[in-house]
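The briefing below goes with the sequence and coordinates shown here, and it is arranged by topic so that each group of residues can be followed in a viewer.

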Amino acid sequence: MSPPARCKVPESVLVVIHTDALDVLLIRRADTEAEFWQSVTGSKDTPDEPLHVTAAREVREETGIDAHAPGCLLADWHLQNHYDIYPRWRSRYAPGVTRNTEHVFGLRVPAGVAVRLNPREHTHFAWLPWRAAADRCFSPSNAEACLLLPRFATGMPV
């Protein structure tokens, strides 16, 4: 008998990856036929995992980018979003869990940084100016984060 599947922690990060020119990296989800474009998102591995560790881990897993490489700056924007988990993904959480808390980060990267998508999670990527990125995001909280980028782009590291 196999062990039970581990439930996702209903606390996650949203990481807006951007250049100095405020171009934003968006990635297209692989688990849906719809055009679901987003920034890097992901849940904590454990309830006590520090948020900046979650952010750096998810960036590396989903894009291959090292958030601590020279020229990169990971910043906690100290913003939280609380939202209902989309019904299609609720089965990943413990029974009865319907809400998630999302913590917003920014990651400034050098222009031309290499992106290597995890093909199980994402199929395409695009660099877009921040307003165009906001327009393409399927998630309202992600769109809002893109629109806030000019305000937070010079943030301090975590």
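Strand S1 and strand S6 (residues 99-108) run parallel and are joined by eight bridges. The model is a predicted one, and local features are taken up only where pLDDT is at least 70, whereas totals for linings use all residues. The points that follow begin with the pairing of S1 and then turn to the aromatic cluster, the loops, the open and enclosed spaces, and two backbone angles.

**Strand S1 and its partners**

- Within the parallel pairing of S1 and S6, Val16 has Gly106 in S6 as its bridge partner.
- S1 also pairs with strand S4 (residues 40-43), here in the antiparallel sense and over four bridges, and Leu14 stands opposite Thr41 of S4.
- Strand S1 covers residues 11-18, and because seven of its eight residues are buried, the strand is largely enclosed by the rest of the structure.
- In a regular strand, the side chains alternate between the two faces of the sheet.

**Aromatic pairs and the charges over Trp89**

- The structure holds five aromatic pairs, and in one of them the rings of Tyr86 and Trp89 have centres 5.6 Å apart and planes at 90 degrees, so this pair is edge-to-face.
- The two residues of that pair fall into separate accessibility classes, since Tyr86 counts as partly exposed at 35% relative accessibility, while Trp89 counts as buried at 9%.
- Tyr86 also pairs with Phe138, and because their ring centres are 5.8 Å apart and their planes stand at 45 degrees, this pair is tilted.
- Tyr86 lies in the loop between strand S5 (73-84) and S6, and Phe138 in the loop between helix H2 (130-136) and helix H3 (140-152), so the pair ties together parts that are 52 residues apart in sequence.
- Phe138 counts as partly exposed, with a relative accessibility of 22%.
- Ring pairs link Tyr86, Trp89 and Phe138 with Phe36 into a cluster.
- The ring of Trp89 has the charged end of Arg29 sitting over it, 4.3 Å from the ring centre, and the charged end of Arg88 also sits over the ring of Trp89, at 5.3 Å from its centre.

**Asn118 and its surroundings**

- Asn118 is found in the loop between S6 and strand S7 (122-129), and although this is a loop position, the residue is buried, with a relative accessible area of 12%.
- Which residues does Asn118 contact once its neighbours within four places in sequence are left aside? The contacts of Asn118 are with Glu61 and Glu62.
- Asn118 and Val40 are separated by 78 residues in sequence, and their C-alpha atoms are 12 Å apart in space.

**The largest pocket**

- The volume of the largest pocket is about 830 Å³, and 38 residues line this pocket, with Lys8, Arg29, Thr41, Arg92 and Tyr93 lying nearest its centre.
- Two or more residues of the pocket lining come from each of S1, S4, helix H1 (51-63), S5, S6 and H3.
- Two of the residues nearest the pocket centre, Arg29 and Thr41, have already appeared above, Arg29 with its charged end over the ring of Trp89 and Thr41 opposite Leu14.

**The enclosed cavity**

- The count of cavities of 30 Å³ or more comes to one, and the largest cavity holds about 40 Å³ of space.
- The largest cavity is lined by 10 residues, and those closest to its centre are His18, Leu73, Ala75, Phe152 and Ala153.
- S5 and S6 are the elements that give two or more residues to the lining of this cavity.

**Residues with positive phi**

- Leu22, a residue other than glycine, has a positive phi near 65 degrees; Leu22 is placed in the loop between S1 and strand S2 (23-29).
- Is Leu22 buried or exposed? With a relative accessible area of 17%, Leu22 is buried, the limit for that class being under 20%.
- His78 is likewise not a glycine and has a positive phi of about 55 degrees, but His78 belongs to strand S5.
- The relative accessible area of His78 is 67%, so this residue counts as exposed.

Conventions:
Residues numbered from 1 in each chain as written. Predicted model: local features only at pLDDT ≥ 70, side-chain atom pairs only at ≥ 80, totals over all residues. Heavy atoms only, no water. Buried < 20%, exposed > 50% of the residue type's maximum accessible area, 1.4 Å probe, protein only. Pairing = 2+ DSSP bridges. Phe/Tyr/Trp six-rings, centres within 6.5 Å; stacked < 30°, edge-to-face > 60°. Lys NZ or Arg CZ within 6 Å of the ring centre and 35° of its normal. Contact = heavy atoms within 4.5 Å. 1 Å grid on protein atoms, 1.4 Å probe; cavity = no way out; pocket = protein on both sides within 12 Å on 5 of 7 lines; lining within 4 Å. Points joined across faces, edges and corners; volume = space filled by probe spheres on them.
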